[in-house]
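Let's take a walk through this model together. Have the sequence and the 3D view open side by side, and we'll go from the strands to the cores.

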Amino acid sequence: MEKLKTFTNNGNKFSDSEPCYCGHCNNKIGLDVYLKIYNVVNNDQGLAKYIQKYSVGVCPLCGAPIILNKENNNVLPAMREFDEISFLPKDVETLYNEMRDAYSVQSYTCCVISGRTLLANVAVEEGAEENKSFKHYVDYLVDKYLPATKNKPWLDKVRELGNDSAHKMIIADKEQAKISLTFINAILKNIYEFPNSVNNGE
Ligand SMILES: [Zn+2]
């Protein structure tokens, strides 16, 4: 069991702010640190050595609390990468946001598998035949919404994601999750956000 020790600066923030991302407002910030937590280990001479493990602070922009892990620079709450998309139907929005959350906590396989479900449902919603392969749905959505990007190398990688059959266990890595989210982001904006923004005169 690690022995942790907490230091404050008499209730004031420490003079050095620490660079990180805020998972609440998605901005790059200098974290206002109010608490530093150290791991205490004994060195070869039996003397206590303090290694900083966490900084606990407040985002100067939005005022929300943040825990910064000094060992791996992870931030809690983790930042959601990929931007929010307006005008999504509720269930599509829920799944898209769950993919963003999964990506932000390195759950890349969950992200990719959710992406397959999302794409299949959106494609059928947009007129594709039911019970077709993942590749069929990717091709359908590309032809309908992204024809100008047909030859982009990243699109080939999206299609590769569909080469694994659904019943086979796949473990996805960060790049695959990123490709999946990038593609879904583009498709959802084309289907839901752009047309509705125009209709609403934004
Ligand atoms: Zn913030």
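Which residue stands opposite Ile66 in strand 5? Keep in mind as you look that this is a predicted model. The residue to find is Gly57, which stands opposite Ile66. Strand 4 (residues 48-58) and strand 5 pair there in the antiparallel sense, over five bridges. The hairpin that these two strands form has six residues between the strands, and Gly63 takes a positive phi near 80° in it.

Now follow strand 5 (residues 65-69) along its length. Ile66 and Leu68 point to one face and are buried, while Pro65, Ile67 and Asn69 point to the other and are not buried. In a regular strand, side chains alternate between the two faces of the sheet in this way.

Leu68 leads us onward, as it stands opposite Val75 in strand 6. Strand 5 and strand 6 (residues 75-76) also pair in the antiparallel sense, over two bridges. Their hairpin has five residues between the strands, and here Asn73 takes a positive phi near 65°.

Next, turn to the helices. The largest nonpolar core has 29 residues, of which Cys111, Leu119, Tyr137 and Ile184 touch the most other members. Two or more residues each come from helix 1 (90-104), helix 2 (108-125), helix 3 (134-145), helix 4 (153-161) and helix 5 (174-199). Apart from this core lies another, of eight residues, including Cys20, Ile29, Val33 and Cys59.

Finally, zoom in on Cys111. Leaving aside residues up to four places away in sequence, Cys111 touches Met99, Ala102, Tyr103, Ala172, Ala177, Ser180 and Leu181.

Notes: Residues are numbered from 1 along each chain as its sequence is written. This is a predicted model: local features need pLDDT of at least 70, side-chain atom pairs count only at pLDDT 80 or more; totals for chains, interfaces and linings use all residues. A nonpolar core is a set of buried Ala, Val, Leu, Ile, Met, Phe, Trp, Tyr and Cys residues joined through C-beta atoms within 7 Å. A residue is buried if 20 or more other C-beta atoms lie within 10 Å of its own, exposed if 12 or fewer, and partly exposed in between; C-beta atoms are placed from the backbone. Helices (H or I, at least four residues) and strands (E, at least two) are DSSP runs, numbered from the N terminus. Two residues are in contact if their C-beta atoms, placed from the backbone, lie within 7 Å. Two strands pair if DSSP finds at least two bridges between them.
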